[in-house]
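Got your viewer open? Take this tour one selection at a time, and turn the view whenever you like.

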Amino acid sequence: MNVRPNMGILNALVRITSGLTILAWSTAKMVKRPWKDSYLFIAMLGAMKVGEGIVRYCPMTAAYEKCQDRMEQKNSEDQDSEGWIQYNPS
């Protein structure tokens with residue numbers, strides 16, 4: 001697995017800022033109502049966004065780009081082998 005930064009610096013700063021905001025909000029709510037598990041889940045999501053911003057790597061973006069590359073390869077192979085262009089009348 002090759003982990004390279006797949007987002008820009010501005011996107012990383014936005015993720016860090018929003019992640020810290022979500023993390024602060026959820027921990028403040030968790031202090032008032034510690035029996036609710038939803039605040040713990042939201043805190044984990046905020047921490048994940050902070051981590052993505054620091055590392056500048058988003059696994060969802062990488063999966064999307066990988067899927068797009070595979071679809072483009074498949075489409076180019078289909079067009080080369082069939083020799084005709086698909087027509088959509090709608």
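Colour the chain by secondary structure and start at the N terminus: the elements run α-α-α. That comes to three helices and zero strands. Keep in mind as you click around that this is a predicted model. The chain has 90 residues, and 16% of them count as buried.

**Stop 1: the start of helix α1**

Select residues 9–32, which make up helix α1, and find Ile9 there. Is Ile9 buried or exposed? Ile9 has a relative accessible area of 56%, and the cut-off for exposed is over 50%, so Ile9 counts as exposed. Now add Leu10, Leu13 and Val14 to your selection and switch on the surface. Together with Ile9, these residues form a nonpolar patch on the surface. Their accessible area adds up to about 420 Å².

**Stop 2: a link between two helices**

Next, show the side chains of Arg15 and Glu52. What do these two side chains meet in? They meet in a salt bridge, with 2.6 Å from N to O. Arg15 sits in helix α1 and Glu52 in helix α2, so this pair ties together parts that are 37 residues apart in sequence. Here's the background: side chains of opposite charge can pair when their charged atoms come close.

How covered are the two partners? Buried means under 20% relative accessible area, so Arg15, at 15%, counts as buried. Glu52 is buried too, with a relative accessible area of 6%.

Leave Glu52 on screen and add Lys49. The side chains of Glu52 and Lys49 also meet in a salt bridge, this time at 3.2 Å from N to O. Both residues lie in helix α2, three residues apart, or about one turn of the helix. Lys49 is partly exposed, at 27% relative accessibility. With Arg15, Lys49 and Glu52 all selected, you're looking at a network of salt bridges. How many salt bridges does the structure hold? It holds two.

**Stop 3: across from α2 to other parts of the chain**

Stay in helix α2, which covers residues 38–55, and pick Met48. Met48 is partly exposed, with a relative accessible area of 42%. Now measure from the C-alpha of Met48 to the C-alpha of Leu20: the two are 9.9 Å apart in space, while their positions lie 28 residues apart in sequence.

Try the same trick with Ile42, another stop in helix α2. Ile42 is partly exposed, at a relative accessible area of 27%. Draw a line from the C-alpha of Ile42 to that of Ile22, and you'll get 7.3 Å for a pair 20 residues apart along the chain.

**Stop 4: an unusual backbone angle**

Move on to the loop between α2 and α3 (59–82) and select Arg56. What is the phi of Arg56? Its phi is positive, about 65°, although Arg56 is not a glycine. For context, most residues other than glycine have a negative phi. Arg56 is partly exposed, with a relative accessible area of 29%.

**Stop 5: the largest pocket**

Finish with some empty space. Rolling a probe the size of a water molecule over the atoms shows where empty space is left. The largest pocket in this model has a volume of about 290 Å³. To find it, select Asn2, Tyr57, Ala62, Ala63 and Lys66: of the 10 residues in the lining, these are the closest to the pocket's centre. Colour the lining by class and you'll get four nonpolar, two polar and four charged residues.

Key:
Residues numbered from 1 in each chain as written. Predicted model: local features only at pLDDT ≥ 70, side-chain atom pairs only at ≥ 80, totals over all residues. Heavy atoms only, no water. 1 Å grid on protein atoms, 1.4 Å probe; cavity = no way out; pocket = protein on both sides within 12 Å on 5 of 7 lines; lining within 4 Å. Points joined across faces, edges and corners; volume = space filled by probe spheres on them. Nonpolar A, V, L, I, M, F, W, Y, C, P; charged D, E, K, R; others polar. Patch = residues over 30% accessible without salt bridge, like charges linked within 9 Å, V, L, I, M, F, W, Y side chains within 5 Å. Areas by Shrake-Rupley, 256 points an atom, 1.4 Å probe, with all protein chains shown as cover. Salt bridge = Lys/Arg side-chain N within 4 Å of Asp/Glu carboxyl O. Helix = DSSP H or I, 4+ residues; strand = E, 2+ residues; numbered from the N terminus. Buried < 20%, exposed > 50% of the residue type's maximum accessible area, 1.4 Å probe, protein only.
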